[in-house]
Amino acid sequence: MNEYMELAIKEAQHGIRHGHGGPFGCVIVKDGKVIAKAHNEVVRRKDATNHAEIRAIQLASKKLKRFDLSDCEVYVTGRPCPMCKAAIMWAKISTVYYGCDYIDAQAIGFEEEKGNSNKYSEIQLDFDVCKKVYDEYLTTSHVSY
């Protein structure tokens, strides 16, 4: 068994046994060293965004003092949902190792692939005003991505 996946599993089990949330654990590794580990805390924190991957990215970013985690890799018990996949990609992490797939998650009541909402829509509103904020950022920001 992979040692990092074993740690992710232990994180998931800790979360399950303490009623924190679903069976998801995540470990972020850099140069063969564990940088961060976390488990799903959606129930505990009453926050839909407290997935294991999101928590681990936050911890790793804080520890490394940067948002670019391109030199890291992720080990997670379940294939990342779209939210977590997006966060992983925004953190510039290119390799994710996962245990169970979306079909496995669906079998235990999770709708990882498409989310749990059937009533979702996007409507553009107040473009002109929002565009001015974007323009302001462009002329004042010194952050590079």
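Modeller: A salt bridge is counted where a side-chain nitrogen of Lys or Arg lies within 4 Å of a carboxyl oxygen of Asp or Glu, and please keep in mind that this is a predicted model.

Colleague: What makes Glu41 and Arg45 a salt bridge?

Modeller: The nitrogen-to-oxygen distance between the side chains of Glu41 and Arg45 is 2.9 Å, and because the cut-off is 4 Å, the pair counts as a salt bridge.

Colleague: How do you know whether Glu41 is buried or exposed?

Modeller: Buried means under 20% relative accessible area, and Glu41 has 5% relative accessibility, so Glu41 counts as buried. Its partner Arg45 stands at 40%, and because partly exposed is the range between 20% and 50%, Arg45 is called partly exposed.

Colleague: Which parts does the pair of Arg55 and Glu41 tie together, and what makes that pair a salt bridge?

Modeller: Arg55 and Glu41 meet at 3.5 Å, N to O, which is set against the limit of within 4 Å, and both residues are buried. Since Arg55 belongs to helix 3 and Glu41 to the loop between strand 2 and helix 2, the salt bridge ties together parts that are 14 residues apart in sequence.

Colleague: How do you know that the length of helix 3 agrees with what a helix should span?

Modeller: At 1.5 Å a residue, the 13 residues of helix 3 (residues 52-64) should span 18 Å, and because the end C-alpha atoms are 18 Å apart, the two values agree. The buried residues of helix 3, among them Ile54, Arg55 and Ile57, pack against strand 1, strand 2, helix 2, strand 3 and helix 4. After helix 3 comes Lys65, whose phi is positive, near 60°.

Colleague: Why are Arg66 and Asp71 called partly exposed?

Modeller: Arg66 has 29% relative accessibility and Asp71 has a relative accessible area of 33%, so each falls between the 20% and 50% limits. Their side chains meet in a salt bridge of 3.0 Å, N to O, and salt bridges that share partners join Lys30, Asp31, Arg66 and Asp71 into one network.

Colleague: Why is Cys84 in no disulfide?

Modeller: A disulfide needs cysteine sulfur atoms within 2.5 Å, and a search of the whole structure finds 0 disulfides. The cysteine sulfur nearest to that of Cys84 belongs to Cys81 and is 3.7 Å away, so the cut-off of 2.5 Å is not met. Cys84 counts as buried, because its relative accessibility is 0%.

Note on methods
Residues are numbered from 1 along each chain as its sequence is written. This is a predicted model: local features need pLDDT of at least 70, side-chain atom pairs count only at pLDDT 80 or more; totals for chains, interfaces and linings use all residues. Side-chain values use heavy atoms; hydrogens and water are left out. Helices (H or I, at least four residues) and strands (E, at least two) are DSSP runs, numbered from the N terminus. The expected span of a helix is 1.5 Å times one less than its number of residues. Buried means under 20% relative accessible area, exposed over 50%, partly exposed in between (1.4 Å probe, protein chains only). Contact means heavy atoms within 4.5 Å.
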